[in-house]
Amino acid sequence: MLLDGKVVVVTGAGRGIGREEALMLAKHGAKVVVNDLGGGFDGSGASTGPAQEVVDEIKKNGGEAVANGDSVTDFKGAQRIIECAIDTFGKLTGVVNNAGILRDRMIFNMSEEDWDSVIAVHLKGTFACTRHACTYWREQHKAGNQLNGRIINTASDSGLLGNPSQSNYGAAKAAIATFSVIIDREMAKYGVSVNAIAPVARTRLTVEATPATAALMGAEVKEGEFDVFSPANVAPLVAWLASDDAADVHGEVFRVGGGTVWCMKQWHSVGKVRSTQTWDPTELGSQLKAELAKGATTKETMADVFKEGL
Ligand SMILES: NC(=O)c1ccc[n+]([C@@H]2O[C@H](COP(=O)([O-])OP(=O)(O)OC[C@H]3O[C@@H](n4cnc5c(N)ncnc54)[C@H](O)[C@@H]3O)[C@@H](O)[C@H]2O)c1
């Protein structure tokens with residue numbers, strides 16, 4: 001099987017996209033740590049129920065999994081998530097940083113807590129699990145045991161394209177995309193690859209937290225028809241990225257939804273103006289306006305993605 005011998009942590013795997021990722025990783029032979037805090041979509045509360053249910057489902061299907069209820073926002077908790085894999089299954093080969101919450105507000109209404117809690121789950125949580133996993137893989141590499149570690153982070157179109165009312169979430173997601181590129185560059189020499197996905201799927205984060213986005217996705221389809229917005233459509237990309245076959249894929253960002261996977265590219269220059277001396281600001285302005293008018297900057301929005309379809 002594609003993932004025989006692999007041990008993968010999936011954070012936020014009790015529901016939605018993470019649940020489907022955990023099920024598919026297990027189906028293809030990986031042993032899985034199913035982490036989930038089990039709270040509300042806004043980060044409130046906690047429950048061990050969702051993670052355990054996914055573990056039960058994996059075991060029922062003949063796979064191996066263990067539940068963990070730590071919060072990814074807790075640096076020591078993140079260490080326990082990583083240690084749970086090593087203690088239970090003897091090693092760690094992959095981490096899927098997927099846990100997420102939403103607290104959408106326009107900037108003039110955004111509280112400090114709305115900002116901090118969203119940044120904590122997405123950005124700090126991704127950092128914390130990545131940090132402990134990379135420390136382990138570097139130590140193993142030094143001891144002559146290269147584990148070919150894989151980090152798969154979860155970005156979002158909200159961060160890559162910019163979605164109003166999600167400055168906290170989008171800022172975290174854009175940072176996660178760049179974080180992935182940076183950590184890949186740091187860890188490649190230890191056999192580790194780091195990539196990111198920007199999923200599009202019908203989950204409670206869309207249905208409950210962003211009903212306008214959910215409306216664009218429509219209702220679930222009839223049995224037997226291809227459910228384009230099913231979170232299960234995200235999982236194959238993650239399973240492949242966690243495998244040895246993806247060893248040469250480094251620092252990439254993919255949008256994924258339905259039957260489509262897009263290859264995204266980082267910030268890159270699309271035009272320039274140049275002077276051999278310090279610019280006069282008025283002259284600079286007129287030349288920049290002319291450059292921008294060439295239309296070299298694309299303005300893809302999240303609405304365009306839905307219009308084009310998956
Ligand atoms: N659904 C989409 O279309 C979409 C689009 C772009 C990005 N994403 C991202 O995909 C990921 C999964 O989201 P989803 O749509 O499946 O939502 P979801 O709410 O169904 O799943 C998120 C899970 O993360 C868990 N979680 C939250 N805070 C946690 C914490 N501190 N520690 C551990 N677990 C925690 C929740 O309990 C929940 O089970 C998120 O990072 C989200 O931002 C989703």
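Which residue in β7 is the bridge partner of Pro 199? Keep that one in mind while you load up the model, which is a predicted one.

**The whole thing.** Start with everything shown as cartoon. You should find 11 helices and eight strands. The radius of gyration is 20 Å, close to the 19 Å that the globule rule gives for 310 residues, so the protein is as compact as a globular protein of that length. If you want to set up a box around the C-alpha atoms, roughly 65 × 50 × 40 Å along the principal axes will do.

**Domains.** Next, colour by domain: the assignment puts residues 7–267 in domain 1 and 271–303 in domain 2. Taken over C-alpha atoms, the two centres are 37 Å apart.

**The sheet.** Now hide the helices and look at the strands. Eight of them make an open sheet with mixed pairing, and walking across it you meet β3-β2-β1-β4-β5-β6-β7-β8. Select 65–68 and 260–264 to pick out the edge strands, β3 and β8, each of which pairs on one side only. From one strand to the next, the twist averages 20°.

**Back to that opening puzzle.** Select 193–199 (β6) and 253–257 (β7): these two run parallel and are joined by four bridges. Pro 199 has Val 256 in β7 as its bridge partner.

**Helices on the sheet.** Bring back α1, residues 16–27, which packs on the sheet. Its contacts are with β1 (7–10), β2 (31–35), β3, β4 (94–97) and β6, and its direction makes about 170° with that of β1. Then add α6, residues 167–187, which also packs on the sheet. This helix touches β5 (150–154), β6 and β7, with its direction at about 165° to that of β6.

**The ligand.** Last stop: centre the view on the ligand and show what is around it. How many residues surround the ligand? There are 35, and the closest are Gly 12, Gly 16, Ala 99, Gly 100 and Thr 203. For the elements that give two or more residues to this shell, highlight α1, α4 (112–142), β6 and α7 (204–207). Two of these you have already visited: α1, which packs on the sheet, and β6, the parallel neighbour of β7. Finally, colour the shell by class, and you get 14 nonpolar, 18 polar and three charged residues.

Technical notes. Residues numbered from 1 in each chain as written. Predicted model: local features only at pLDDT ≥ 70, side-chain atom pairs only at ≥ 80, totals over all residues. Pairing = 2+ DSSP bridges. Axes fitted to C-alpha atoms, helices over the stretch in contact; angles between N-to-C directions. Contact = placed C-beta atoms within 7 Å. Near = placed C-beta within 6 Å. Nonpolar A, V, L, I, M, F, W, Y, C, P; charged D, E, K, R; others polar. Domains from an automatic or database assignment. Rg over C-alpha atoms; globule rule 2.2 N^0.38 Å.
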